[in-house]
Amino acid sequence: MIPRYQKILFVILLAASLAMGGVLWYLLDRAHQRLLTGQDSAPTRAPQVAPAEQATLLVANDADGSLVAQVQSLPLPADPGARARAVLGKLLDLYAAEGSTHPVQGGAVSIAQVFLLAAPESKPAASQGAQVRPVAASRASSGANGPLLAVVNFTSNFAAGHPSGIETETLTLLSICGTLRANLPRVAEVRFLIDGQQHPTLAGHADLTRTYLTAEAAPGEGAKP
Amino acid sequence: MRWTSGSGGAIAFFSVVAAVFAPAGRDAAAQSPSAPPPPYSRYVVVLDAAHGGEDTGARLEGGRLEKSFTLAFSVRLRSLLAARGMQVTTTREQDASVDADRRAAIANHARAQACLSLHASQSGLGVHLYISSLAPASTLRFAPWKTAQAAWVTRSLALAGLLNSTLQHNNVPVILGRTALPGIDSMTCPTVAVEIAPENATGKDASGGKLDDPDYQAHVAEALAAALLEWRTEARQP
């Protein structure tokens, strides 16, 4: 015979268990709803970072060794470094496309970074310690409109996949120099790195240890003497 | 195209080396780009077969390597030039690695009247003639090694023009250009980099003009030999 007080205790415990189960179910449902609400607030479309603008690309042609100016419309950021990278990325996308006049694999991802620095200037011997100085640090002495040195850092995959030859390598470098000059007129000089390191050549021929002058890569001048 | 040069310390060091390798006993005025070319008592041509050893160069049609092509073409051209009475110096005779400075040193020791750096590529069409992108400069007693070619750029341009006209006369498509190529910027002689590409677009015309076509190679070699013979004649004229 079960005592009466034990029956009452059993009923109370059963009721408490059911109540706790209900509370837990409610809390679980509420957490799930909160999670769904958070997902709904995530952006479903990439924000438009920059309006489309006209950019002039100097596109190389292996058949006749020429550089031809081509106007393209693409989103261009306001920051000069990002702008340079966007323009060069578009140029390399054209080269990677099927039917390109200057076929080079890789595309826009081949440009790891583009840095813009104040171009080295002739200085007294006492101040020649640094070859290049950041733009912000040199504005006081050279002015905000001084010439710039662009440092273009390629990925190693780009160099490894680039066709080897004097003409094709020279045209790649000249078209990059010309494109930078057309869209960022302050860029007077360009140096090239591969994975952040200086390399002797791009793919066995064109010298990457030198500083290239963008003025020499203007259409109709650069590729032909 | 002009270049800015590298470190001052290295240039100072190589200035001495360039002075050693620079042609001696010549009047500086005679080497000036604006002065008429001197009459040559000896006529030496340097053939620089690019790449070699571990440096294979480009991979050409059929898996052939650029280093093999340039060596074979150098041997072929050397025979043609020797048959025309020219003295030929080569930078390599076998599949060996020769660095750019060593090539320039061999060319400068030869005191050549013409230096051809031979290359091959699957890109582009015809023959690509490239000279140094250095700005022309007057001859200095101590020339920086890295820019020693600057005093010879005008003569190099004249040689490239002659090669261009002769090749085009032989119906070979030509592209002229200027580039920064390791080695040729240190040579103290009229220097042209000759890059041989297929005569026709690959796949469009299988009848000939490919890089591995012996007739095409012979055609180009004959044209280059004819141009160098004419260069010899021009150089001899007072």
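Biologist: How many residues does the contact take from chain B and from chain A?

Modeller: Keep in mind that this is a predicted model. In it, the two chains give unlike numbers to the contact: 28 residues come from chain B and 26 residues from chain A.

Biologist: Which element of chain B supplies the largest share of the side that touches chain A?

Modeller: Four strands of chain B each put in at least two residues: strand 1 (3–4), strand 5 (127–132), strand 6 (174–179) and strand 7 (191–196). The largest share is five residues, and it belongs to strand 6 of chain B.

Biologist: And how do the residues on that side of chain B divide into nonpolar, polar and charged?

Modeller: Let's go through the kinds in turn. Charged residues number four and polar ones eleven, while the nonpolar ones come to 13.

Biologist: What does the model score for ipTM and pTM?

Modeller: These two scores belong to the model as a whole. The pTM is 0.76, and the ipTM is 0.80.

Biologist: Over which residues of chain B is the pLDDT below 50?

Modeller: Chain B averages a pLDDT of 82, with 77% of the residues at 70 or above. One stretch drops below 50, though in the model it still has 62 contacts beyond near neighbours in sequence. That stretch is residues 1–36 of chain B.

Biologist: Over which residues of chain A is the pLDDT below 50?

Modeller: Chain A averages 84, and 80% of its residues score at least 70. One stretch below 50 has 15 contacts beyond near neighbours in sequence, and that is residues 122–141 of chain A. Another has 21 such contacts: residues 221–225 of chain A.

Biologist: What pattern does chain B follow along the sequence?

Modeller: Chain B has six helices and seven strands to place in order. Read along the sequence, they give β-α-α-β-α-β-α-β-β-α-β-β-α.

Biologist: What percentage of the contacts in chain B with a separation of 6 or more comes from residues 24 or more positions apart?

Modeller: Chain B has 238 residues, and 48% of them count as buried. As for its contacts with a separation of 6 or more, the share from residues 24 or more positions apart is 80%.

Biologist: Why do the buried residues of helix 5 of chain B line one face of the helix?

Modeller: Helix 5 of chain B has 17 residues and reaches 24 Å from first C-alpha to last, close to the 24 Å expected. Its buried residues include B:Val153, B:Leu159, B:Leu163 and B:Leu167. They line one face because, looking down the axis of helix 5 of chain B, the buried residues fall within an arc of 155°.

Biologist: Is B:Asn171 buried or exposed?

Modeller: B:Asn171 sits in the loop between helix 5 (153–169) and strand 6 of chain B. Just after the helix, B:Asn171 takes a positive phi of about 60°, and it isn't a glycine. Its C-beta has 10 neighbours inside 10 Å, so B:Asn171 counts as exposed.

Biologist: Where does A:Asp195 lie?

Modeller: A:Asp195 is not a glycine, yet it has a positive phi of about 55°. It has 13 C-beta neighbours inside 10 Å and therefore counts as partly exposed. Its place is the loop between strand 6 (187–194) and strand 7 (211–213) of chain A.

Biologist: Which strand of chain A pairs with strand 5 of chain A in the parallel sense?

Modeller: Strand 5 (residues 148–154) of chain A is mostly covered, with five of its seven residues buried. Strand 3 (residues 111–118) of chain A pairs with strand 5 in the antiparallel sense over seven bridges, and A:Ala118 stands opposite A:Leu148. In the parallel pairing, A:Val151 stands opposite A:Arg191. That partner, over seven bridges, is strand 6 of chain A.

Biologist: What separates the C-alpha atoms of A:Val114 and A:Ala84?

Modeller: A:Val114 is in strand 3 of chain A, and it counts as buried because it has 24 C-beta neighbours inside 10 Å. Leaving out residues up to four places away in sequence, A:Val114 touches residues including A:Ala84, A:Leu88, A:Ala150 and A:Val152. A:Val114 and A:Ala84 are 30 residues apart along the chain, and their C-alpha atoms are separated by 6.7 Å.

How values were computed. Residues are numbered from 1 along each chain as its sequence is written. Chains are lettered from A and ligands numbered from 1 in the order in which they are written. This is a predicted model: local features need pLDDT of at least 70, side-chain atom pairs count only at pLDDT 80 or more; totals for chains, interfaces and linings use all residues. Two residues are in contact if their C-beta atoms, placed from the backbone, lie within 7 Å. Ala, Val, Leu, Ile, Met, Phe, Trp, Tyr, Cys and Pro count as nonpolar, Asp, Glu, Lys and Arg as charged, and the others, Gly among them, as polar. pLDDT is the predictor's confidence in each residue, from 0 to 100. A residue is buried if 20 or more other C-beta atoms lie within 10 Å of its own, exposed if 12 or fewer, and partly exposed in between; C-beta atoms are placed from the backbone. The expected span of a helix is 1.5 Å times one less than its number of residues. The arc is that of the directions from the helix axis to the C-beta atoms. Two strands pair if DSSP finds at least two bridges between them.
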